[in-house]
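Work through the exercises below with the structure open. Each task is followed by a solution in steps.

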Amino acid sequence: MDEFGYTTKVETRYSDFDTMGHVNNAVYATYLEQARIDYFRDVIGIPLNEISGVIAHLEIDYRRSITPEDEVTVAMAVTELGESSITMKHEIRAGDDVAATAEVVQVAIDRDTGEPRSIPSELRDRIITHEDC
């Protein structure tokens, strides 16, 4: 097993591709979002829409183009669990090749005030159990 504890398949859409015939660079962020949605559903058991959070940091390093022939997967792992933030690393894969690497920091917020809040203990416990962190 590799350093990533979770991998999910991402379906490409016709609209993902630009006139050059590869996935537009902005779409990579959408693939990362889909992986987070799948992770929270499959691993944590909580739909992402039930968790109030925002992306505080997003960094993507592009390594290779994704073409219509590629099967796309996203591997991810939680690398740091703060009081109100979750840092995740990702690999977007095109077949067996790494198409991009990314780091995302998501911050839990209070829906009413929009201010950062502590990660709920139920969520924290499930992440710790899965990630062994």
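The exercises cover strand pairing, helix packing and aromatic contacts in a predicted model.

**Exercise 1. The sheet**

Task: Determine in which order the five strands form the open sheet, and which are the edge strands.

Solution.
- Step 1. Strand β3 (residues 72-81) and β4 are antiparallel, with nine bridges between them. Within this pairing, Met 76 has His 90 of β4 as its bridge partner.
- Step 2. On to the next pair: β4 and strand β5 (residues 97-108) also run antiparallel and are joined by 10 bridges. Two of the residue pairs are Glu 91 with Thr 101 of β5 and Ile 86 with Gln 106 of β5.
- Step 3. The full order is β1-β3-β4-β5-β2, in an open sheet with antiparallel pairing.
- Step 4. β1 (6-10) and β2 (53-62) each pair on one side only, which makes these two the edge strands. From one strand to the next, the twist averages 25 degrees.

**Exercise 2. Helices on the sheet**

Task: State which strands helix α1 and helix α2 touch, and give the angle of each helix to a strand.

Solution.
- Step 1. Helix α1 (residues 27-44) packs on the sheet and touches β1, β2, β3, β4 and β5. The direction of helix α1 makes about 125 degrees with that of β1.
- Step 2. Helix α2 (residues 121-131) also packs on the sheet, with β1, β3 and β4 as the strands touched. Here the angle is about 110 degrees, taken against the direction of β3.

**Exercise 3. Strand β4 and its hairpins**

Task: Is strand β4 mostly covered or mostly exposed, and how many residues lie between β4 and its partner in each hairpin?

Solution.
- Step 1. β4 spans residues 85-94, and eight of its 10 residues are buried, so with buried meaning under 20% relative accessible area the strand is mostly covered.
- Step 2. The β3 and β4 hairpin has three residues between the strands.
- Step 3. The β4 and β5 hairpin has two residues between the strands. Gly 95 in that turn has a positive phi of about 65 degrees.

**Exercise 4. Rings around Tyr 28**

Task: Classify the ring pairs Tyr 28 with Tyr 31 and Tyr 28 with Tyr 62.

Solution.
- Step 1. A pair of aromatic rings is described by the distance of the centres and the angle of the planes. The count of aromatic pairs in the model is four.
- Step 2. For Tyr 28 and Tyr 31, the centres are 6.5 Å apart and the planes stand at 35 degrees, so this pair is tilted. Both residues lie in helix α1, three residues apart, about one turn of the helix.
- Step 3. Tyr 28 is buried because its relative accessibility is 3%. Tyr 31, at 2%, is buried as well.
- Step 4. For Tyr 28 and Tyr 62, a centre distance of 4.9 Å comes with planes at 75 degrees, so this pair is edge-to-face. The pair links distant parts of the chain, with Tyr 28 in helix α1 and Tyr 62 in strand β2, 34 residues apart.
- Step 5. Tyr 62 has 41% relative accessibility and therefore counts as partly exposed.

**Exercise 5. Other ring contacts**

Task: Name the residues that ring pairs link into a cluster, and find the ring under the charged end of Lys 89.

Solution.
- Step 1. The cluster consists of Tyr 6, Tyr 39 and Phe 40.
- Step 2. The charged end of Lys 89 sits over the ring of Phe 4, at 5.2 Å from the ring centre.

Technical notes: Residues numbered from 1 in each chain as written. Predicted model: local features only at pLDDT ≥ 70, side-chain atom pairs only at ≥ 80, totals over all residues. Heavy atoms only, no water. Buried < 20%, exposed > 50% of the residue type's maximum accessible area, 1.4 Å probe, protein only. Helix = DSSP H or I, 4+ residues; strand = E, 2+ residues; numbered from the N terminus. Pairing = 2+ DSSP bridges. Axes fitted to C-alpha atoms, helices over the stretch in contact; angles between N-to-C directions. Contact = heavy atoms within 4.5 Å. Phe/Tyr/Trp six-rings, centres within 6.5 Å; stacked < 30°, edge-to-face > 60°. Lys NZ or Arg CZ within 6 Å of the ring centre and 35° of its normal.
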